[in-house]
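Student: Let us work through this structure by question and answer. Where should we begin?

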Amino acid sequence: MGWDHPTAWNPKPRTPTRPPPPPPWRCRVPSRCCLWAGCDGSPRPAQGGGRSPAAPLGSPGATGIPAPARLPGGLRFPPGGPGGRWRRPRFHPRSKAEAEAMEKELLEDYRFGRQQLIEIWGHACAVAVTKAFPLPSLPRKQPTVLVVCGPAQNGAIGLVCARHLRSFDYEPTIFYPKRSPDPLYRDFTTQCEKMDIPFLSYLPTEVQLINDAYNAVVDAVLGAEAEVAEGTEPCAAILATLKHIRIPIVSLDVPSGWAAEAGGSGGISPDVLVSLAAPKECARRFLGRQHFVAGRFLPYDVQRKFELNPPEYPGTECVVAL
């Protein structure tokens, strides 16, 4: 049989085949019902017409499924429509009452312990200090940091911060003039003493001595308790000294002397602010160079309930710069 035979080379023409239809849509996170209204995790059949070739995927007219009001990760459709640029909603500050309600829910409903929360926040504050002032960038040869602690919870967070700074190869010094009788706070003090962290017996009134001896000051004096303790001693004398120092100040949660709601009113002017869980209302008036948030540990349901819309935390970081 030669090549000129009619059956020698006569392949059958192939008819074009369509790809198989996609499986019915199923919610991948049925427990997060904020993504789709009325989501119960069941398949959603198309409701007319399929997708127009000109309609981009994810737009309201692209499929029979109505577009969600909120997408995974806190993303929303931009004002110009789904075809526009993705953006994350702004991280709104919380009021003092909301911050107290959030902490109460963590303690009572989620069974966090006070020591656990203080440890988490203290560690995060120490990490924020290392990011704002890395060891190679310190102006002095010795990596000294002064941590000024008050008698309330913010002071305990400062003690934990100092202990972790010591683990990060910094040389913290603590000024803790009014020690709390709380057994938990006494335990934090003992831990710092056992790690050979020095305690100052008094705070020099000559601010130049502080400027020459330390690279930065961690303000853990008052925090949210500023409204009730600002005018009492020794807090008033400490604030008078901190107002005049020239080295950078790192304030924890609420700068000392500031009202948690109104903001700065003659208090100190920190260079770095570390907000615990979420920024407070006073953070709107913060004009420093860096603002960190330590709230990655918050459960998802707490974030959703209080509408925090937290920013993305890179990698395994426990703090993020706003």
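**Contacts, sheet and cysteines**

Tutor: Begin with the contacts of this predicted model. Among those in the protein with a separation of 6 or more, 64% join residues 24 or more positions apart.

Student: How many helices and how many strands are there in the protein?
Tutor: Both element types are present in the protein. The count is eight helices and eight strands.

Student: What is the strand order of the open sheet?
Tutor: Eight strands take part, and their pairing is mixed. The sheet is open, with β3 (199-200) and β8 (320-321) at its edges. Each edge strand has a single partner, so one side of each lacks a neighbour in the sheet. The order is β3-β2-β1-β4-β5-β6-β7-β8.

Student: In which sense do β2 and β3 pair, parallel or antiparallel?
Tutor: Strand β2 covers residues 171-175. Two bridges link β2 to β3. In β3, Leu-200 is the bridge partner of Phe-175. The sense is parallel.

Student: Which helix lies across β1, β2, β3, β4, β5 and β6?
Tutor: The strands it crosses include β1 (144-149), β4 (216-220), β5 (249-252) and β6 (272-276). The helix spans residues 153-167 and runs at about 160 degrees to β1. That helix is α3.

Student: Is Thr-173 buried or exposed?
Tutor: Thr-173 sits in strand β2. Beyond four places away in sequence, Thr-173 touches Val-145, Leu-146, Val-147, Pro-198, Leu-200 and Tyr-214. Its relative accessible area is 10%, and the cut-off for buried is under 20%. Thr-173 is therefore buried.

Student: What share of the residues in the protein is buried?
Tutor: The protein has 322 residues. Two of its cysteines show burial: Cys-149 has 2% relative accessibility, and Cys-282 has 1%. For the protein, the buried share is 44%.

Student: How many disulfides does the structure hold?
Tutor: A disulfide is a covalent bond between the sulfur atoms of two cysteines. The cut-off is 2.5 Å between the sulfurs. For Cys-149, the closest cysteine sulfur is in Cys-192, at 7.6 Å, which is too far for a bond. The number of disulfides is zero.

Student: What part of the accessible surface belongs to carbon and sulfur atoms?
Tutor: The accessible surface of the protein comes to about 17,800 Å². Of that surface, the part belonging to carbon and sulfur atoms is 55%.

How values were computed
Residues are numbered from 1 along each chain as its sequence is written. This is a predicted model: local features need pLDDT of at least 70, side-chain atom pairs count only at pLDDT 80 or more; totals for chains, interfaces and linings use all residues. Side-chain values use heavy atoms; hydrogens and water are left out. Buried means under 20% relative accessible area, exposed over 50%, partly exposed in between (1.4 Å probe, protein chains only). Two strands pair if DSSP finds at least two bridges between them. Helices (H or I, at least four residues) and strands (E, at least two) are DSSP runs, numbered from the N terminus. Contact means heavy atoms within 4.5 Å. Axes are lines fitted to C-alpha atoms, for helices over the stretch in contact, and angles run from 0 to 180 degrees between N-to-C directions. Accessible areas come from the Shrake-Rupley method with a 1.4 Å probe; for residues, only the protein chains shown count as cover.
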